[in-house]
Amino acid sequence: MALPDVLSEGLRVPVVGAPLFIISNPELTLAQCKAGVIGSFPALNARPVEQLDEWLAQITEELASYKKANPTEKVAAFAVNQIVHKSNARLQQDLELCVRYKVPIVITSLGAVPEVNDAIHSYGGIVLHDIINNRHANSAIRKGADGLIAVAAGAGGHAGTLSPFALIQEIRQWFDGPLLLSGAIANGGAVLAAQAMGADMAYVGSPFIATHEARATDAYKQAIAEAHADDIIYTNLFTGIHGNYLKGSIVNAGLDPENLPESDPSKMDFGSGGASSAKAWKDIWGCGQGIGAVTEVGSTQALVDRLVHEYEAAKSKLAA
């Protein structure tokens, strides 16, 4: 099945920049779109809700102006991530803003709700829902999502435990629509590998943390550039949902990363620290296992240029 135009037009490489809690902002999102990958941000990054109105106006207006001024350049669409969970008291307000600005792509997380999908479809937008297993994938499509983001083992932040090979092959047995893969994808070869196993696009997050445009501290960015896969800890302590975090940030919070207690998943929280006084995302830094490919802090443009070069080189190597 062919991808919707909004997921294929304006791309230099088949990548969606994952929405990074706290970190993604208009500067990063716009830089991603202008570099030729789909940019995104979580609606909850704009606080208070009035700021989301400002961000959406800024992004839509600046992208339109940039496209007009640069008609020959590839400029991708943008996406907004909505947390569809009872803990998100802002969902309805944020959704209304997405409808008003006709956000082209909405990424839903932690809940598949038909009414949310219907609202986005009302103006021609599409919904991608992130999932960690085949059962959740089935539910999301039944409830009206247009596509799926398979969050496999090794993905930064909240992540599943299934191998990408297992997850993609099970989904592709019944679903031929848009399918993205997330999990330790940090170079162009991995983007091509995601397509080879059946995904349409790669969903890349952690490498964008180490960019100048990202709203992360310099220490966080440098830690990404210096860390490797064995520096990642998988735990549910900080939000109630299992996720991957940088070991160094856990140590800096005064905790033993090898002996972390379990948190109560019924008390899911986005930022209070769950069972810990350290705040998730602010003090405890989310990160995926693929960061060994990130060796320096640089611009979003340079990162996308590298992904494009590696992707094309990997295709040429296979064709040889």
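Helix α3 passes helix α4 in a right-handed crossing. The two helices pack at an angle of about 15°, with their axes 10 Å apart. That angle makes α3 roughly parallel to α4. On the α3 side, the contact is made by Val 49, Leu 52, Asp 53 and Leu 56. On the α4 side, Gln 93, Asp 94, Leu 97, Cys 98 and Arg 100 take part. The residues of this contact divide into five nonpolar, one polar and three charged. These values, like those below, come from a predicted model.

One residue of this contact was examined further. Asp 94 belongs to helix α4. Its relative accessible area is 0%, so Asp 94 is buried. Neighbours within four places in sequence set aside, Asp 94 is in contact with Ala 43, Leu 44, Val 49, Leu 52 and Gln 82. Val 49 and Leu 52 also appear on the α3 side of the helix contact.

Helix α3 has a further packing partner. Two packed helices are described by the angle between their axes and the distance between the axes. The axes of α2 (residues 26-35) and α3 (residues 49-69) come within 10 Å and cross at roughly 25°. An angle under 35 degrees counts as roughly parallel, and α2 and α3 are therefore roughly parallel to each other. The crossing of α2 past α3 is right-handed. From α2, the residues that meet α3 are Pro 26, Thr 29, Leu 30, Cys 33 and Lys 34. Their partners in α3 are Trp 55, Gln 58, Ile 59, Glu 62, Leu 63 and Tyr 66. The residues of the contact of α2 with α3 comprise seven nonpolar, two polar and two charged.

The peptide bond from Arg 47 to Pro 48 is cis, with omega near 0°. Pro 48 sits in the loop between β2 (39-42) and α3.

Two residues other than glycine have positive phi values, Lys 102 and Ala 184. For Lys 102, phi is about 50°. Lys 102 is placed in the loop between α4 (91-100) and β4 (105-109). With a relative accessible area of 55%, Lys 102 is exposed. For Ala 184, phi is near 65°. Ala 184 lies in the loop between β8 (179-182) and α8 (188-196). Its relative accessibility is 37%, so Ala 184 counts as partly exposed.

Helix α8 also holds Gln 195. Gln 195 is partly exposed, with a relative accessible area of 27%. Residues up to four places away in sequence not counted, Gln 195 touches Pro 14, Asp 200 and Tyr 311. Gln 195 and Glu 9 are 186 residues apart in sequence. In space, their C-alpha atoms are 17 Å apart.

Among the strands, β6 covers residues 147-151 and includes Val 151. At 7% relative accessibility, Val 151 counts as buried. Residues up to four places away in sequence are again not counted in its contacts. Val 151 touches Asp 130, Ile 131 and Ile 132. It also touches His 158, Ala 159, Gly 160, Leu 167 and Ser 182. Val 151 and Gly 183 are 32 residues apart in sequence. Their C-alpha atoms are 6.1 Å apart in space.

The protein as a whole has twelve helices and eleven strands. Its radius of gyration is 18 Å, close to the 20 Å that the globule rule gives for 320 residues, so the protein is as compact as a globular protein of that length. Along the principal axes, the C-alpha trace spans about 50 × 50 × 40 Å. Buried residues make up 54% of the 320 residues. Among contacts with a separation of 6 or more, 65% join residues 24 or more positions apart.

How values were computed. Residues are numbered from 1 along each chain as its sequence is written. This is a predicted model: local features need pLDDT of at least 70, side-chain atom pairs count only at pLDDT 80 or more; totals for chains, interfaces and linings use all residues. Side-chain values use heavy atoms; hydrogens and water are left out. Axes are lines fitted to C-alpha atoms, for helices over the stretch in contact, and angles run from 0 to 180 degrees between N-to-C directions. Helices (H or I, at least four residues) and strands (E, at least two) are DSSP runs, numbered from the N terminus. Angles under 35 degrees count as roughly parallel, over 145 as roughly antiparallel, 65 to 115 as roughly perpendicular and the rest as oblique. A crossing is left-handed if the near helix is turned anticlockwise from the far one by less than a right angle, and right-handed if clockwise. Contact means heavy atoms within 4.5 Å. Ala, Val, Leu, Ile, Met, Phe, Trp, Tyr, Cys and Pro count as nonpolar, Asp, Glu, Lys and Arg as charged, and the others, Gly among them, as polar. The radius of gyration is taken over C-alpha atoms; the globule rule is 2.2 Å times the number of residues to the power 0.38. Buried means under 20% relative accessible area, exposed over 50%, partly exposed in between (1.4 Å probe, protein chains only).
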